[in-house]
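Here is a friendly walk through a protein structure for someone who hasn't met it before. Have a look at it first, and then read on.

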Amino acid sequence: MKGRYWLSVGLLVGLALLPFQLHPQQDWFRTGTGLGVEKVRLGVPAFAAGSGEVRRAARVFHTVLRNDLAVSGIVELVSPSFEPLQVPTLPAELRPEEWVESPTRAHMVAYGNLQFSGNQLFVNAWLSDVRNPQVAPVLTRRYRADLTEEQARHLAHQFADEIVGRLSGGLPGIARTKIAFVSDRTGSKEIWVMDYDGHNPQRVTRCRSLCLTPRWSPDNSRLAYTAYEQAAASPEVPRTSIQLYSLVMNRRLAFPYLGGTTTTPAWSPEGTQLALSSSRTGDHEIYVVASDGGRMRRLTFSAGVDISPAWNPRTGRQIAFVSDRGGSPQIYLMDSEGASVERLTNGEGYAVSPAWSPNGQMIAFAWQREKENFNIYAMDVATRQTIQLTRDSGRNEQPSWAPDGRHLIFQSTRSGRNQLWLMLADGTGLRQLTFEGRNTAPHWSFSVR
Amino acid sequence: MELRRGLRWSGWLILLVVVMLAGCKKKPAAPPPTPPPPPAPAAPTVTLRAVPSVIERGQSTTLSWNSTNATELRIEPRVGSVGPQGSTSAQPQRSTTYTVVAEGPGGRAEASTRVTVNVPPPPPPREVRRIPLREAFEKRARDAFFDFDKSNIRPDGRIALTQTAELLREYPEARVLIEGHCDERGTTEYNIGLGSDRTNAAKQFLVSLGITAERIETVSYGKEKPFCFESTEECWQTNRRAHFILLSR
């Protein structure tokens, strides 16, 4: 019952809330639904360490869990200063009446303990509904892993995803998702991957020259990106080609050079095809190829730049792209055969980087309107209503949706150089995720299945 | 009244001149009183003209001739026997005097005309080629610059590319890479496309000036490899360009 309720809330968020949202600082749930819905108030007291070995892991687990839940956007965390003096580490120790009274006023409590046994870390975790104390815990979980900080982080993400999944009616949590991006922190622009919260950055490529535009395959096993590689026949002449990298095998996969400047790959939702832009005819046009680079077919036939394709992830039958056929770059839409081309943006300014929301209803994009800097906007594809998500802070570009449809990542110069920032889909909850070097072109991975 | 008198006088004057000219012309044409009876065979006459009489090397001129009382006509050099009247076109490689010889029962006549052929001065490439290719390239290759968000060649770009094309014509062994660059405004992805269009516009312009496409490689860096790092229009203009790099082979 609760699940269905939250599902409906989640859908409303995706569908209805953004067009009607007026002030970005407003709470998106209340403005979105207008039904007086409150966020779940969740207590997350410290997890007890059963022994000295797991004290550090318990601290990491607790910190990461609280951060994940705070970022999720669907709960309101109880401040630790409002927690009861005796915090539970087992269901038997939970005193619901202490959690529901003011000022704590919790609806739910997530709690548990960490143990060390047989050289392994064990996490016992529960989620209880303190307003219905007679009911068994909503979640009871026991996790086991090696005793490392990374494992403690991973288990916290896993528990956070389970809590979010339960409270949002089955919408995926994003705590175990990853971000692919471009960073110049080693001196050259390379493709990197990090956890969604900015931790654990790992370099994927060793291009040494330039690698750009990373895109996850829908099964998260591969990355497609643009590389400036040396042509064997003529080493002085760089050629701009698409490369594929397997994150499972940790090596590049074969992909042919398709001619001209070939760039901006985008996976079809089934992962069997790639849309891309190539100047092989002398002019950038959108093509679709099989994921091994074969069976190339051309979709656009227009003078000027046609680039940055993005498939509708829900239907796979529409491709949004950027074209300057009307003068300045604007967002266009066509079907996956190249027919039914229409312009989505109104022709004003410079509109680029279309990114579909996972439900296929919204397109986020970067737009520079008259006398303004680049900002992130989102358009409801059906109604063409557009709302501004960022304002008055640096250049904001390259939005990418989280698989939950509630979060966006983008690049911004608001703190100086380009860095990656996270926000909720209404423009609130901004967090800077990267700090080292210049970081651009984020692409959010798909859900962990 | 004054005017009319003037006109009348000038009318008389013109008439007088015409009469005098006619009288003059008639004199040589008027045949001397010939003894009518002896029907000796008439002497042949011949004329030869070249139009135009001054040509550039490679152009041709038209020789035309006219003869009377001749049974055989020969034009030298290189034309040979011809009919009593006619014309032919000739393409002498250097200045030539054409001569026609007419022979008939009454004797022999000759006429000639000269065709002047202007030979262009030989190009002095050996002098220019003393500068090594790389040095010449650095001195003379010019980049084309573009307007914001545009890839059409501006008038200053036409001049720059024409100069670069001249260099490439003089050094047929030279191969170049055109890099497409954009300013920092706009986004990475779209600018790759825009830079690509700029390189193609520059390449097509060179091809239209006779440089073969095989000698021209292209790459677009978009806004990834700027020449200048400030956020000023001057700096942005520096970065919006098709930049030439000499390939060593």
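What follows starts with chain A as a whole, then turns to three residues and ends with the empty spaces.

First, some housekeeping: this is a predicted model, where local features need pLDDT of at least 70 and side-chain atom pairs count only at pLDDT 80 or more, while totals for chains, interfaces and linings use all residues. Residues are numbered from 1 along each chain as its sequence is written, chains are lettered from A and ligands numbered from 1 in the order in which they are written, and side-chain values use heavy atoms, with hydrogens and water left out.

**Chain A in outline**

Chain A has five helices and 30 strands (DSSP runs numbered from the N terminus: H or I of at least four residues for helices, E of at least two for strands). Of its 449 residues, 59% count as buried, meaning under 20% relative accessible area, with exposed being over 50% and partly exposed in between (1.4 Å probe, protein chains only). Take the contacts (heavy atoms within 4.5 Å) between residues of chain A at least 6 apart in sequence: 42% of them join residues at least 24 apart.

**Three buried residues**

The table sets out where each one sits.

| Residue | Place in chain A | Relative accessible area |
|---|---|---|
| A:His157 | helix 5 | 3% |
| A:Thr177 | loop between helix 5 (149-167) and strand 7 (178-183) | 0% |
| A:Thr213 | strand 10 (residues 211-216) | 2% |

Let's begin with A:His157. Its side chain reaches the backbone oxygen of A:Ala175 at 3.4 Å. That's a polar contact: a pair of N or O atoms within 3.5 Å, where within protein one must be able to donate a hydrogen and the other to accept it, and residues adjacent in sequence count only if both atoms are side-chain atoms. Not counting residues up to four places away in sequence, A:His157 touches several others, including A:Val64, A:Asp68, A:Asp195 and A:Tyr196. Its C-alpha atom is 9.5 Å from that of A:Asn67, 90 residues apart along the chain.

A:Asp195 and A:Tyr196 turn up again among the contacts of A:Thr177, along with A:Pro403 and A:Trp444. The side chain of A:Thr177 also reaches the backbone oxygen of A:Ile174 at 2.5 Å.

What does the side chain of A:Thr213 make a polar contact with? Its partner is the side chain of A:Thr226, at 2.6 Å. A:Thr213 is also in contact with B:Glu189 of chain B, and with A:Val182 and A:Pro265, among others.

**Empty spaces**

Rolling a probe the size of a water molecule over the atoms shows where empty space is left. The search works on a 1 Å grid over the protein atoms alone: a cavity is a set of points where a 1.4 Å probe fits but cannot get out, a pocket is an open set with protein on both sides within 12 Å along at least five of seven lines, and lining residues have an atom within 4 Å of a point. Grid points are joined across faces, edges and corners, and a volume is the space filled by probe spheres set on the points.

The whole structure has four cavities of 30 Å³ or more, and the largest has a volume of about 60 Å³. Its lining has 13 residues, with A:Asp68 and A:Ile174 among those nearest its centre. Helix 5 of chain A gives the most to this lining, with three residues.

The second largest pocket holds about 760 Å³ of space. Of its 28 lining residues, those closest to the centre include A:Lys189, A:Arg438 and B:Phe229.
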